[in-house]
Amino acid sequence: MAAGHAHPLYRAGDSVVHRLPAHVKIVVAFLFVLAVVATPREAFAVFGLQFLLLVGVWVAARIPPGWLATRALIEAPFVVLAVLLPFFATGPRVEWMGMSLAVDGLLAGWNILVKGTLGVLVSVTLAATTPLRDLVSGLSRLRVPSMVCVIATLMLRYLEVIAAEARRMRLARVSRGHDPRFVWQLGATVRSVGALFLRSYERGERVHLAMLSRGYTGAMPAFTTASASTATWSLALVPAVVAALLAVSGYWVA
Amino acid sequence: MTASLDVEGLAFAYPDGHQALFGVDLRIERGERVALLGPNGAGKTTLVLHLNGVHRAGAGRVEVGGLEVTRENVQEIRRRVGIVFQDPDDQLFMPTVADDVAFGPANFGVTEPELSLRVKEALDAVGVAELADRSPMHLSGGQRRRAALATVLACDPEILVLDEPSTHLDPVARRELADVLLGLDRTMLMVTHDLPYALQLCPRSVVIDGGVVVADGPTRDLLADADFLAAHRLELPFGFALD
């Protein structure tokens, strides 16, 4: 894939994971997350094994852990919530390093933390090995309504156009000495957000007109996307199936 | 012989009552390159949007390659009339240039393997074959303009309609686009304020003002008539003079 439309979550490569068709990866990632969510929270070892499975996928995809870790930071706000739970939950409490912690809260916090982390890591892995446009075509192959796919396609394209427009408008404001330091000086910024909205709306109309002129009738033409053989599916489903088996085994352990 | 474009007595008023066209007649033969000139608000864009059925004639009629623009055949009309819009960012909306070039022909029922062939031919015709897998966001202005042209060429139109093709282009990109357009050998209607560009590309010009055609003749003769130009808010750039 050309570097022309690289996004910060995508890491170009030619591994077996990169080469898998996007719709296969979406299904596998979804099943994996389901398996993680279905695992009982007390089955601590199972989460470890599921994590090892993911590590296996990273090795196959040649993604360095540090690269993933920085992109998984998006989870941070949820971690804060998970950390607070043991302090504020009610029920039986345990003493730890002089702090009184609720057992239920500890488990609930752990539950959010471990499932959230694994979920984010799965999503980041999917994004790291699949270009955005393939994600969209994968979704459309999975019968996601075409209007949703059209909207996603247009959003991918015009987010950058609108961001560039916003940068130019900001530059033009700043060049005329605008330097908002206090809330009551934000008026100009707010007004330019309004102007940006109107401009984007008008651009939407022009894009629609240009699409109509090339025969658009409300449905995107179906571009052929690579289909997946049974062998590909079987190979790709391995991590998801193992994760699911682990989740089931968790009910015995717990 | 059937004309590429035949407009007769075309009149149109917007829903708010503003009348933009008052009976326009325009005939363009196959292979002609015609410039459509006129001041802002003269009705140029309104006329262009009639050619592919976005606006429907209030009175009069439009024929493209012998086929009248009606509600029933609007899809075929849109294939026959290839409009290249002024801002390539409005035209290029797909994640890659190749996808965008494939969008039109795919809508008009072209399927693989011919679709890929069309995309390749169109990109080759405008000299941007190496940009096929790039995102339109990361192209230069000139490349974007040529990619937008390719998206329309891939539909194999009867007539190419260019809306202000030279805006925002640096002099080299402007000249390169002219080379590409001159090499295409297609019927062309070019809406422009860039009078030297009209002179370079189009042997014939049509001037519209106030919703009617006020002149139709050889571009050089029209542009040499300073009084006529002034009467219709047109003027050659500083330093240009034609005898």
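**Entry 1: a pair in helix α2 of chain B.** I looked up B:Glu76 and B:Arg80 in this predicted model, and I found their side chains meeting in a salt bridge, at 2.7 Å from N to O. Both residues belong to helix α2 of chain B, where they sit 4 residues apart, about one turn of the helix. I then checked how far each is covered: B:Glu76 has a relative accessibility of 27% and therefore counts as partly exposed, while B:Arg80, at 17%, falls under the 20% limit and so counts as buried.

**Entry 2: a pair in helix α8 of chain A.** Next I turned to A:Glu165 and A:Arg168, whose side chains also meet in a salt bridge, here at 3.8 Å from N to O. I place both in helix α8 of chain A, 3 residues apart, which the record of elements gives as about one turn of the helix. A:Glu165 is buried, because its relative accessible area is 7%, whereas A:Arg168 counts as exposed because its relative accessibility reaches 51%.

**Entry 3: from the pair to a network.** I followed A:Glu165 and A:Arg168 further and found them linked in a network of salt bridges with A:Arg199, A:Arg203, A:Arg206, B:Asp87 and B:Asp90. Over all chains, I note a count of 28 salt bridges.

**Entry 4: a salt bridge between the chains.** I also looked up A:Arg157 and B:Asp89, whose side chains meet in a salt bridge at 2.8 Å from N to O. This pair crosses between chains, running from helix α8 (residues 146-175) of chain A, which holds A:Arg157, to helix α3 (residues 88-91) of chain B, which holds B:Asp89. Both A:Arg157 and B:Asp89 are buried. As a reminder to myself, side chains of opposite charge can pair when their charged atoms come close.

**Entry 5: the cavity.** I searched for enclosed space and found that the structure holds 1 cavity of 30 Å³ or more, and the volume of the largest cavity is about 40 Å³. Its lining draws on both chains, with A:Ser213 and A:Arg214 from chain A and, from chain B, B:Arg78, B:Arg79, B:Val81, B:Gly82, B:Ile83, B:Val152, B:Cys155 and B:Pro157. The elements that give two or more residues to this lining are α2 (74-80) and β6 (81-84) of chain B, and β6(B) gives the most, with 3 residues. By residue class, I sorted the lining of the largest cavity into 5 nonpolar, 2 polar and 3 charged residues.

**Entry 6: the second largest pocket.** I then looked up the second largest pocket, which has a volume of about 530 Å³. It is lined by 28 residues, of which B:Thr45, B:Thr46, B:Leu49, B:Gln86 and B:Asp163 are the closest to its centre. Two or more lining residues come from each of α9 (187-213) of chain A and, in chain B, β2 (19-28) and α1 (44-51); α1(B) gives the most, with 5 residues. I recorded the lining of this second largest pocket as 9 nonpolar, 11 polar and 8 charged residues.

**Entry 7: a patch on chain A.** Last, I looked at the surface and found a nonpolar patch of about 490 Å², made by A:Val80, A:Val83, A:Leu84, A:Phe87 and A:Phe88. I chose A:Leu84 for a check, and I place it in helix α5 (residues 76-88) of chain A. A:Leu84 counts as partly exposed, because its relative accessibility is 39%.

Technical notes: Residues numbered from 1 in each chain as written. Chains lettered and ligands numbered in written order. Predicted model: local features only at pLDDT ≥ 70, side-chain atom pairs only at ≥ 80, totals over all residues. Heavy atoms only, no water. 1 Å grid on protein atoms, 1.4 Å probe; cavity = no way out; pocket = protein on both sides within 12 Å on 5 of 7 lines; lining within 4 Å. Points joined across faces, edges and corners; volume = space filled by probe spheres on them. Nonpolar A, V, L, I, M, F, W, Y, C, P; charged D, E, K, R; others polar. Patch = residues over 30% accessible without salt bridge, like charges linked within 9 Å, V, L, I, M, F, W, Y side chains within 5 Å. Areas by Shrake-Rupley, 256 points an atom, 1.4 Å probe, with all protein chains shown as cover. Salt bridge = Lys/Arg side-chain N within 4 Å of Asp/Glu carboxyl O. Buried < 20%, exposed > 50% of the residue type's maximum accessible area, 1.4 Å probe, protein only.
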